[in-house]
Structure formats: C-alpha cells, structure tokens
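Let's take a friendly walk through this model together. Have the sequence and the coordinates at hand, and follow along from the surface to the charged pairs.

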Amino acid sequence: VKERPFPSGSDQTPHPFPTLSLAPESVLQTVPSEIEASIIAAREHNASVPMNNLPPELFTKILQMALEDAKRPQRFLLNILLVCRTWNQVVLDSPTLWTRWDILSSRTNRNALQYLQRILVQSKSLGLTLSCSFWAQAFDGPLYGELGRCISQWQDVTLMDIAGETFFAMLPKLGNDTAPKLRSLYLRADDRYRPLDIFDPNDPCPLEKLELWGTSVVWSTLNFERLRYLHVSGPCQGPPSVPELFQILERSQRLEYLCLTGMNLSPEFPSLSMPSEPVCLPHLSYCQIACPHTADTLIRMIRFPSCKEVSVSESLISGPGSLSSLAHVVHVIENAIKEKGTTLSLIRDEFWVNTFPERSSRLGTKGEQEVVLRWFINMAREALNASPAVKISLDSTLPHDQIMRIITELSDLKNVTELDFAGNWLSAAHHCNPLDCIDNLGDKIQQWFPRLHTLVFSVNTLPDLESLYRVLLRRHQAVTSKEQAHLSPFRKVMIDDYLYLKGNYKDQLDAIRSLIAGGSLRIGLDGWGIT
C-alpha cells in the first residue's frame, strides 16, 4: 500500500497505513470448529422449535392456508424459503405450494417469467391457479408463450382485459386432450374483437365453472357436461342467440348457478329452433336473468325445481297468460319471503318484489302494475303473511284513484310494516298527495295495517304536513286506547324531500314528533334548519 503524502507545507510527519497481518496460526485453527459449533447450536435450536417438529404434511397444509390469504403469494413463498433450512426444505419438497401464479404480484414481466418457470419445475405437473391481466402488463412474447406451453396444467385460470385474438392464436383449442385439468375459466376480453374460437366441442375439457365478462365466444362450442357455474355478462360483440343459449343449457344439466345479464340476445338463429318444452335444470340453486327484451322468454322456458334464489328483471307483462308462465318464479321467491323481509314496489310502469336486507330473490316486471300486484298477492298471500316484514313502495306520481285501489288491494296483508311514498315525483303541480290518501282512509288504516310503524313521504305543501299530523294522531289515539292495544305505534317517520315547501314549520314538526314513539322524525334535507 503506497503512502499518501501530506500537502506541502504540512508540519505533520507522514505515517504509512497500518500493515495488515494474519492472525496467529493457533487462532486460525479454532475457526472451523467454532463455525461448526455455531451451526450445530442453530440446528439444535431449530429442532426445538415446535413448528419444526410438526409432520411435514401438516406444516405444508399450514403454509397452504397462509398462502391463500397472502396478497402477494410469490413474495410470501420466497420469504418462507429464507427463514431456515428446515422451512426451505419443506417448501422445496411440497409441489402443492408451487401451484399459484399471479402476474399482478410481480413488478416486471421478467420477474413474472422467472417465477412462472420455477413454478413449472417445482409443481411437478400439478394443476395450476393462474391469474393474468394483459392490461396491467405490456404484451410479452416469452412470458405468454410460457403461459401457453403449460396449458396442460391449467386448472383455475383468470385472464383479464385480454387481446383475445393475439393470445389464443398461440394456443391449441381448449379440450380434454390439451387442457385435461381445466376446472375454472374467467375471461374478460376487449369486446372490439371477434368471437373467440377457443373451445374444442368434440373433445370438451372438464370445465365446471365458466365466467365471461364482455367476452364473446363461438357459442356452439360450449359443450361441458360437468359445468356447474355459468356467468355471462355483457355488453359484448356477438352475444348468444336465444336458441344457442337454450342449446347450452340443455347440455349443462348439472348447472347449480346461472347468471345472464346485460346482453341483447337475438331471438333467432338460422340453424337452431326454440325447444318445444321448457328446459329443466334439476340442480340449479341460483338463477339471475336481466337481459333486455328477452328476459321474459328465457325465464318462461327454464324450470328449476331446486332453486333457492332467483332474480329476474325486464320481464314484459302483456296479459294473464304471461303471468301464469311466471308461477314457477313466484314459488321460489315465496320461500325467501317467509324467511326475510319483502318489499313490493310500484314505480312508473314497473312492479318489483325484493327480499331484504340482501336482495337474494327479486322479480321485476314491466306493464299492467295493478294486474301484476293482484296476481302476485293471490299467488304468494300465505308467504307474505308469514314474512317478518313487508314494505310497500309506491310512486307518488300515480293518480289518487290508483293509489287508493292499490292500498285497498294491500289491505289483506297484515304484516305491512312500512309505507314509502317518497317515490319518483317531478313537480308539485302533477304529483298526488299520498298522505291525503292515507288520511282519507280514517280508522281503516288501523284495521288494515296493524303492524305499520314506518312512514316515508315527500312533503310539498302545508296540507301535506296537516295530513301527516292527522294520520299520526289517529294511530297514537288508537294505540293508547285499551281496545286496540295490539297496534304498533309509529316509531319512525321520514320526510325525504320538501322542494316546494317554503317557510318555517318548526311548530308543526314538533307536534308531529311528539306523536312518534321515541320522537324519530328524520328530514332528508335541512331546509327547515332541522336534521
């Protein structure tokens, strides 16, 4: 080592750097034994850790459960490898821990490719759970080429935002020979592309779950005998026609879950005709159909004797005949009504039945509201009277006479707990005062709706407030009388809007609040300075 001279003029005497020298031979001879001793001590310590004394199968199961909850499974597994030699060996000897790959967990395509290559070695041909987004990463030939080459190991696969024609052009068609382990497939493609011809109809793979979001495929190739879960949601280019859809359902007799939403289905297909009899799906437990213009056709041609939850919207009503074909839907909803609360809604020209708090079952129809309401009450009267709670929601733009007829129709239901007339009104000049309708019933309201405890209204004029006060006063007087002690008091009143009401009405509101059990008066907007 050369000496570094000091600057000229320095009074300090230069010193060389310290000379490096080896330790004495006697000290060096003890180093290997000390290293060996520390390794032995570490091994003994690791052996005493309870976690390391578990059977490898149980330890692997624990790691599998932790891996399922990990937000970044790749990083989690690589960290486990570095804990100690025991954990490292367990992980490397457990192919089941190397079956998940998610490109979103990798910072770069290079990292994703390296991890995928390692998975293909460590998994030892087990089925793989793969999740990939083409939107999140730039298209990478080597990466997606590797992904395609392991198609025989595909088991649960999620492909989001894919440029389908580019990617699937690299692959053989999915069939039992090429993808023998494929159990679940989720596709969300760019709908600018043509239908994807990706399935082999003559050699179908053992697919049990198929989800297509905005993705069009060659629908005639969907021939999966084991399919239990089918979800097709639009919009997409080239949705299935109604005959094609029924062909798929006829081939899928094991279906347990069916969801068809947001698609404009063509009613005809050149080489197929509609089935002469409804398609029966004996194992179906959940059914949701919300396809404009064709929902009524679909639901009337499907039977599901074991269904527990059903959701149907956009069903057009054109007379009693179209109602009778919905009887099987009502029978499913009846079971949910008996266990949960129910809302009957008449908004604009639509009629809705919803169970709550979760909308596990619902039916939506368009046209002939009163006819549908009368028919539904007759069909489901027993279930409605057994329901924990029935809410009624009416559009306050309905004419006075129609509201009175509807309320009279509802008088047979003894479990009505809430009347909601806030509805959908546009101007004070054209909306009906539903409070006046209730007020005109007088004491009939106590007889018809003994469990009623919540009112929701829009208030626009002082007469509206006066009507509300009289309705509450009658119920208060009836509840306090000994003859009608079985009645429920009003516990909650909500005033949602007051767009056309001007002025300060604090005294009137205080009087109304005094008639509500607990004083629960809620005003949706604070124009009166009251919350």
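Is V31 buried, partly exposed or exposed? With a relative accessible area of 35%, V31 is partly exposed. Please keep in mind throughout that this is a predicted model.

## A nonpolar patch

V31 is a good place to begin, and you will find this residue in helix 1, which covers residues 25-48. Together with I35 and I39, V31 makes a nonpolar surface patch of about 220 Å². Patch residues need over 30% relative accessible area, and V31 has 35%.

## Salt bridges across the chain

Now for the charges. Side chains of opposite charge can pair when their charged atoms come close. How many salt bridges does a search of the whole structure find? The search gives twelve, and a few of them are worth a visit.

Start with R228 and E256, a salt bridge whose closest N and O atoms are 3.1 Å apart. R228 sits in the loop between strand 5 (209-213) and strand 6 (229-233), while E256 sits in the loop between helix 8 (242-251) and strand 7 (257-261), so this pair ties together parts that are 28 residues apart in sequence. R228 is partly exposed at 32% relative accessible area, and E256 is partly exposed too, at 34%.

## From a loop to helix 12

Next, look at D412 and R381, another salt bridge, where 3.2 Å separates the closest N and O atoms. Because D412 belongs to the loop between helix 13 (400-409) and strand 16 (416-420) and R381 to helix 12 (residues 369-386), the pair ties together parts 31 residues apart in sequence. D412 counts as partly exposed, with 42% relative accessibility. R381 counts as partly exposed as well, at 27%.

## A small network

Which residue forms a salt bridge with D439? The partner is R470, and the closest N and O atoms of the two are 2.7 Å apart. This pair links distant parts of the chain, with D439 in helix 14 (residues 434-440) and R470 in helix 16 (residues 462-480), 31 residues apart.

The two partners have contrasting surroundings: D439 is buried, with a relative accessible area of 7%, whereas R470 is partly exposed at 35%. There is a third member to find here, since R474 is linked with D439 and R470 in a network of salt bridges.

Note on methods
Residues numbered from 1 in each chain as written. Predicted model: local features only at pLDDT ≥ 70, side-chain atom pairs only at ≥ 80, totals over all residues. Heavy atoms only, no water. Salt bridge = Lys/Arg side-chain N within 4 Å of Asp/Glu carboxyl O. Helix = DSSP H or I, 4+ residues; strand = E, 2+ residues; numbered from the N terminus. Buried < 20%, exposed > 50% of the residue type's maximum accessible area, 1.4 Å probe, protein only. Patch = residues over 30% accessible without salt bridge, like charges linked within 9 Å, V, L, I, M, F, W, Y side chains within 5 Å. Areas by Shrake-Rupley, 256 points an atom, 1.4 Å probe, with all protein chains shown as cover.
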